[in-house]
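Trainee: I have a structure open and would like to understand the labels people put on its parts. Could we go through them together?

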Amino acid sequence: MATNERAIEPEVQRDFSRSMSYGDYLGLDQLLTAQRPRSEPPQHDELLFIIQHQTSELWLKLMLHELRSARGLLTTDELAPALKRLARVKRIQEVLTEQWSVLATLTPSEYAEIRPFLATSSGFQSWQYRAVEFLLGNKNADMLTVFDHDPAARELLSGLLVEPSLYDEFLRYLSRHGYAVPADLVERDWSRSHTLDERMVAVYAQVYAAPADHWGVYETCEELVDLEDNMQLWRFRHLKVVERVIGHKRGSGGSSGVDFLRRALDLTFFPELYAVRGQIGG
């Protein structure tokens, strides 16, 4: 007699009284009880808001893991595995950007029911997002004061502030491999964001004029451009979701909201890699 069920194979593990289960390995008891809605009376959509941001923080944790590894690999001239790390980061960025589509299902009326319970909390206070920005080169010492209440987060960000960014380490890699990177870019005050340097535009122009002669460097340049494009897409998608849900109201953390987010679109991590495009092809 036909049946619409799949029998469990005899070899499938069933008894976990003395062995590790899937839930044990992933710590699901802790993970799935970390969602604690605060609305009273309970609002259906608060769980969406919490999970959206918690999952984003998990992906940011992995981004930090990969970016720090990529930066470390550049310091030891291991370009190929560094590029593998960056390829993974790009996929994480795509997931983070697509996640905004889920939050965009939250209507202004639905968000208004849960916003009072956010109090002064805001995504602006995500130390992991700030760490990603610092690692990519968008340094801002003023941001540290936002984390005075969290000594561990402030200490981590203080360290990243004064360390070379991923891009700084790429410039140092280029210098070690014979490219004409100015000495004042190889050793500088790492707490300051890198700004456009026309001397580096000239270096990249040589790379793009003969890609086959500089393939590893050429590929890395394009990977970095991909990273920046993805960050800008994430920022833009964030802006549009906020605009869709709250319009031009002030943000819960005190920022001007949409206008504040729009100014982030003017920030760039790797300015020379965009400037060089105007010199390619005559």
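Mentor: Gladly! Let's begin with a term: a salt bridge is a side-chain nitrogen of Lys or Arg within 4 Å of a carboxyl oxygen of Asp or Glu. Keep in mind that this is a predicted model.

Trainee: Then what makes Arg 88 and Glu 66 a salt bridge?

Mentor: Their side chains meet at 3.0 Å, N to O, and the cut-off is 4 Å. The pair therefore fits the definition. In general, side chains of opposite charge can pair when their charged atoms come close.

Trainee: Which parts does that pair tie together?

Mentor: Arg 88 lies in helix H4 (residues 79–103) and Glu 66 in helix H3 (residues 46–75), so the salt bridge links parts that are 22 residues apart in sequence.

Trainee: Is each partner buried or partly exposed?

Mentor: Buried means under 20% relative accessible area. Glu 66 has 2%, so Glu 66 is buried. Arg 88 has 40%, which lies between the 20% and 50% limits, so Arg 88 counts as partly exposed. There is also a network here: salt bridges link Glu 66, Arg 85 and Arg 88.

Trainee: How do you know that Glu 94 and Arg 91 form a salt bridge too?

Mentor: The closest N and O atoms are 3.1 Å apart, and the limit is 4 Å. These two residues are three apart in helix H4, so about one helical turn separates them. Glu 94, at 41% relative accessibility, is partly exposed, and so is Arg 91, at 49%.

Trainee: What about Arg 262 and Asp 259: how far apart are their closest N and O atoms?

Mentor: They are 3.5 Å apart, again within the 4 Å cut-off. Both residues sit in helix H12 (residues 258–263), three residues apart, about one turn of the helix. Arg 262 is partly exposed at 36% relative accessibility, and Asp 259 is partly exposed at 37%. A search of the whole structure finds 17 salt bridges.

Trainee: Let's step back to the overall fold. How many helices and strands are there?

Mentor: The protein has 13 helices and zero strands. Its C-alpha atoms fill a box of roughly 70 × 55 × 40 Å along the principal axes. Of the 282 residues, 40% are buried. Among contacts with a separation of 6 or more, 70% are between residues 24 or more positions apart.

Trainee: Which residues touch the most other members of the largest nonpolar core?

Mentor: That core has 69 residues, and the ones with the most contacts to other members are Leu 67, Leu 136, Leu 166, Phe 170, Leu 174, Tyr 204 and Leu 224. Helix H11 (residues 215–246) gives the most to this core, with twelve residues. Take Leu 67: leaving aside residues up to four places away in sequence, Leu 67 touches Leu 86, Val 89, Val 132, Leu 135, Leu 136 and Leu 166.

Trainee: Turning to the surface, which residues make the nonpolar patch?

Mentor: Met 20, Tyr 22, Tyr 25 and Leu 26 make a nonpolar surface patch of about 540 Å². Leu 26 is in helix H1 (residues 22–26). Patch residues need over 30% relative accessible area; Leu 26 has 40%, so Leu 26 passes that cut-off and counts as partly exposed.

Trainee: Why is Ala 119 called exposed, whereas Asp 77 is called partly exposed?

Mentor: Exposed means over 50% relative accessible area. Ala 119 is at 53%, so Ala 119 qualifies. Asp 77 is at 34%, so Asp 77 falls in the partly exposed range.

Trainee: What is the phi value of each?

Mentor: Asp 77 has phi near 65°, a positive value in a residue other than glycine, and lies in the loop between H3 and H4. Ala 119 has a positive phi of about 55° and is not a glycine either. The place of Ala 119 is in the loop between H5 and helix H6 (127–136).

Trainee: And which residues does a cis peptide bond join?

Mentor: Glu 40 and Pro 41, with omega at about 0°. Pro 41 lies in the loop between helix H2 (28–31) and H3.

Definitions and conventions
Residues are numbered from 1 along each chain as its sequence is written. This is a predicted model: local features need pLDDT of at least 70, side-chain atom pairs count only at pLDDT 80 or more; totals for chains, interfaces and linings use all residues. Side-chain values use heavy atoms; hydrogens and water are left out. Patches are made of residues with over 30% relative accessible area and no salt bridge: like charges are joined within 9 Å, nonpolar side chains (Val, Leu, Ile, Met, Phe, Trp, Tyr) within 5 Å. Accessible areas come from the Shrake-Rupley method with a 1.4 Å probe; for residues, only the protein chains shown count as cover. Helices (H or I, at least four residues) and strands (E, at least two) are DSSP runs, numbered from the N terminus. Buried means under 20% relative accessible area, exposed over 50%, partly exposed in between (1.4 Å probe, protein chains only). A nonpolar core is a set of buried Ala, Val, Leu, Ile, Met, Phe, Trp, Tyr and Cys residues joined through side-chain atoms within 4.5 Å. Contact means heavy atoms within 4.5 Å.
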